[in-house]
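Visitor: Could you walk me through this structure? I would like to ask a few short questions along the way.
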Amino acid sequence: MGQEVFEMATISQLLASALGLLLCVQLCRGTEELRLIDGGSRCAGRVEVKHEGQWGTVCSYDFIWDVRGASVVCRQLGCGTVARTSPYTPFGAGAGRIWLQPFFCRGTETALHHCSHYGWGQHYCGHDWDVGVTCSDAVELRLVNGGGPCAGRVEVKLRGQWGTVADNEWDMEDAEVVCQQLGCGSAKSAHAWSRFGKGSGPIHLAVVDCRGDESALWECTIKGWELYNGSHSWDVGVVCQGFVQLVGGDSACSGRVEVRQGRGWATLCKAHVDLNAAHVICKELGCGAALAITGAAHFGAGAGPIWDGGFECAGNESLLSACTRRLPHSQGCTHSSDAGIICSPYTGFRLVNGSTVCAGRVELEARGTWGSLCDAGWDMPDAQVLCHHLGCGFAASVPRRGHFGTGSGPLRQDTFHCSGTESHLGECPATALGTPACSLGHAAAVNCSGGTEPLRLVDGESRCDGRLEVALGGAWGRVLPQQWDDSGASVVCRQLRCGTVQKAYAAPVLQPGSSPLGLSGLQCAGTETHLAQCNATLPSAVPSGHTEEAVVVCSGSRRVRLASGPGRCAGRVEVYVQGAWIHVCEDAWDLWDAAVVCRQLGCGKALAVPGSARYGRGSGPVWLGAGGCSGTEATLWDCPALAPAPGQRGCKQGAGAAAVCSELTVLRLAGSSGCTGRLEVFYNGTWGSVCANGTSPATAAVVCQQLGCGATGRLASAPATTQGSGPAWLAWVQCELGTDSLWHCPSAPWQLQPCDSPGDTHITCDGDPGGTRVTPTPARATGCPDGTACTGAHRSPTAGAGAMAVPTILCIVLGTLLCLALGALAVQAWRAMARHRGPGRTGDTISEAVYEELDYTLTPEYQEVPSGSGSPSEGSAAKLPYYTSDSVEVSSPATAADTPALPRHGPPDGYDDAAAVLHPGEAASPGLSDGDVSEVTVLEAGSRPSLSNLELPGATTDAPASAPRDMGYDDVGVSGPRTSL
C-alpha cells in the first residue's frame, strides 16, 4: 500500500511539472503590448512595453542597442523600416518602471520581448538610457520652392513639423538619393547655399553623406539629427531629371513623351496615354492643363526603347510614377505611334477688379506667381478664347488703357496669337521675347457676356467641332443622331458663333455609358437662333446598346499649321477642313500664298517657299485647289480656289507645300559641343547674337534646358578673340528661374544693334547634348521609377540559414521535456496497473528498460540554453548564436565574432538584484564614476567639416548607470554624448 501511495505521489508531481511546463510554453508566446510615445506619431518615440498591466520603458547601452533591435520595434508596430534609433533618450527620459534591458536581438524576432534580456524588471541601466526609435513611416520628404514636385529645397518632416537639411558639402550622391526616393528619376544638380531660398523652421538633418544607392535619405550617414537651431544659409536643394520629360517641342511644356527606364529614356505609345495621364505629366513638369495628345508626326518619332505598357492615373497624382502601371493593350508599338503632349505653359487665368467674375483685368499664373497682362498684343480673338475658357460666354468688349487698374508688379509682356476658336488660352501660341515694353498702366481687360451656353462640342480640334452635348438636368448629355441633319447643325454653329455648318454626321460612341441622359428626335428648321427652339423629345435615359452620336463641324474650326519644321513658323502647310487635317498641293503654291499663311499664324512675313524635299511630302488627303492668293487675304480660305487642270488627278510635284516665315525663331550655342558657346538666335531669316548687357543669370539655365544640355548653366566671359559673325538681335534678356522657354522671357525689342563693352552672351551648360552629366544608379524596386517590376510592399527581413530565435529554442526544449514527462507518467501508470495484476517478468523487464532510457534522456544540457531569469552563466553566454545575416532590413548592421560582452563594472546604487549575476566568491570591482564619461561630439574628426552656428539645445546627458560586475567578458568603453554642433 505504501508503495502505491508513493507511486501516486510521484504521478502527481509529474502532472504538476507538466502543467508548469505548459504554462511556461504559453508564456513563451508573449502577450505584452508595445508603443512609441512623445515622438509626434505612433511610429516614432520612446520605446515602452506593457507588462502586468503597467507601462514601462526599455533601456540599453549604446554598444548593445542597434538597428536590429529597432527593426523589431518598427516591424511589430507595422511602421515600416528603421529611420533612426538611439539609446540616448532622444525622446526624453521615461518615469516609473524599466521593464526590459535587451542585450541581444537578431532583428528577425516578432516581438521585442523575444530578444534576449535579463528578465522582466531586471536591468542595469537607468532612465537616462531609455531607447527611442523613429520608423520610416513617421518621416516624410519633399521639395519646395522649386516650381514643381521634383525640384526645390529639401525638407524633412519629423515629429509633425517640417524642417530643412543643412550641409556645406551637399553633392550629387546625396541629391541622387532624394530624387530616387521621391520617384523623380536621377538627380540633375545638387545645390547648397540656399539656392531655393532659406527655410523658416528648424534644421532637422545636418551633414548628410550618401553613397547614392540608398533607398531613403535617412539610410545615409547623418551626423546631426533632430531640431537644431542655426543659420539656414546652408539649406540644401536638388533638381531632379524627373521620371517623365517632353522633348522635341519649343518648350518644356510640349513635346514627345519619354519616361525614365534604367539608364536612359523610353518613348510611350499614344494608345497607352489618356487624358488623365496627360494631366499628371503636365502637372509634374510644372505646366498647366493638358491641351492635346498628339502622334509622332507632331514632334517627330523617337529612337531607342519603347515603354512596354501604360499608366492608370486618376488625374490627381502629383507624379506619373505614382500612377498604377498597366500592361500593354496590344502586341507592341513602334516609334511611328510615339505619343506627344501639349501642355499649357500657364497654370491659371482669372479676371479681377470687375463687378463680376466675368469682367475685369486679365491675370495669368505661371510658376506659382500671378501677374497682370499687358494689352499691347491683346485683341478680340484672344478675349473670345478667355471668356469661353472661364465659362463666361463671349467677349463683349476689350477695354483699353488699364480700365480695371494695373495691379501690382510689372505687366507681363506675353503676346497671344489666337484664332478665336481655341478651347483654352494656353492653346494659343504666345511669345514674349523681343516684345516692346508695355506702356505704363496699360493692362489687358475684357467684358464677357456672362453665363454658359447650354450646349458644347467636345473631342474635336477646337470648340467649333466635335460631338454635340447639351445641358440636361445639371449634367451633360449626348444627342442621338435620329433625324439629325445639317439644319440642326447650322443652329448649333450659329449659337456657338462658329460660322456656318461644314459637316453633320453620326460617329461611333467613344465612351459607352459616359452620358446617362440623352436627347433624341431633334428637328430644326435651320433658322432658329438657339437649339432650345427646335423640336425634340423629352430627355430620357440613353438606351443600352446605342452605338452612334451626333457630330458637328463648323467653319470656325478651320485652322492652318506648319508641321515638321524647326518651329511653329516654318514647315509643311496643313489645313483642318471638315474635321480632318489635309496637306496642300504645291503645284500652284507660291510666296503670295505663303504670305497669307504667315499672317494668319501671326508669324510675320513670308521669307521662302521651299519644296517638299525640305519638310516632307506628307500623307493622306490632299487639297488640290490651294493657291491663287494675292497676299492680302486674312485667311487661306479667303483666297479664290483654283480649278484643277483638265485631266488632273493629283499633284504633279507632291503634297508638300511649305512656308518659312520671318518670326521663325531658333536658338543655338555657337561652339564646339553645342552646349557651350555664344548664344545666337535665328530671326527674320538671319542668325544674330545676344548682347551680354542685362542678360540675367537664370537665362543660362533656361537656354541649357531648352537645348537638352542639362538643367543648369552659367554665363561665361567672352573670349577675347571671339566676336559675333552677324548682327546682335537682342539685349536685356531677363529670364526667371523656372521659365519653360527662352521665347517666354522678356527682353528689349528685336533690332539690329551693336553690343556694349561686355560683348556677346556666352553660356556654359553643365550637361552634354541630349543628356546631363549624371551617373545613373542601379534601379531599385522601392520607388519603381525605372520600369522594373513593383510589388507595392516592403520585403520582410528573414533569418539566415539555420538561425532561430532564443525564445523559440527555449520553447522547443521545454516542449520536449513535457513530452518526456508525459511519457514517464504513462509508464508509471502502466507499471501500477501491472502490479495490481501481479508480478511478471515481462513487465519488470520492460519497465526497467524504460527507466534506464529515461535516466539517460532526462539529463538536459542546460549550458546550451541561455537563461531568461537574469544572469547568464559564463558558459551559457558563450553559447548564444550571434546573427550576421545580410538579409535583415538594416542600414549597416554591426557584426562581431562573438556575443556582445558586458562591461566589468559594479552595479549602480539602488540595484540590489545585481548581486544575482556574481559568481560565489567573486570580488566586486570599482564602479564607474561620473568623471569616466567622455564627451563625444556628433561631428567626428576626419568625417566631414562641421557647420557653424548650429546648436543642439539640451544635448547633454547624464552619466550612464553602471553595468554588472565581471563575468569574464572583455572591457568595453562606455561613453555618453554631450552633443554640440
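Visitor: What is the bridge partner of Ser86 in S8?
Guide: In this predicted model, Ser86 has Gly132 of strand S8 as its bridge partner.

Visitor: How many bridges are there between S4 and S8, and in which sense do they pair?
Guide: There are 4 bridges between S4 and S8, and the pairing is antiparallel.

Visitor: And S2, how many bridges join it to S8?
Guide: S2 is joined to S8 by 3 bridges, and these two strands run antiparallel. Within S8, Thr134 is the bridge partner of Ala44.

Visitor: Are the residues on the two sides of S8 buried or exposed?
Guide: They are buried: Gly132 and Thr134 lie on one side, Val133 and Cys135 on the other, and both faces of S8 are covered. In a regular strand, side chains alternate between the two faces of the sheet.

Visitor: Let us turn to H2. Why is it described as largely enclosed?
Guide: Helix H2 spans residues 67–77, and 9 of its 11 residues are buried, so the rest of the structure largely encloses it. Among the buried ones are Val67, Cys74 and Leu77.

Visitor: What covers the buried residues of H2?
Guide: The cover includes strands S1 (33–41), S2 (44–51), S4 (82–86) and S8 (132–135).

Visitor: Which residue just after H2 has a positive phi?
Guide: That residue is Gly78, with a phi of about 70 degrees.

Visitor: Now the whole chain. How many helices and strands are there?
Guide: The chain has 13 helices and 51 strands. Of its 981 residues, 49% are buried.

How values were computed:
Residues are numbered from 1 along each chain as its sequence is written. This is a predicted model: local features need pLDDT of at least 70, side-chain atom pairs count only at pLDDT 80 or more; totals for chains, interfaces and linings use all residues. Side-chain values use heavy atoms; hydrogens and water are left out. Buried means under 20% relative accessible area, exposed over 50%, partly exposed in between (1.4 Å probe, protein chains only). Contact means heavy atoms within 4.5 Å. Two strands pair if DSSP finds at least two bridges between them.
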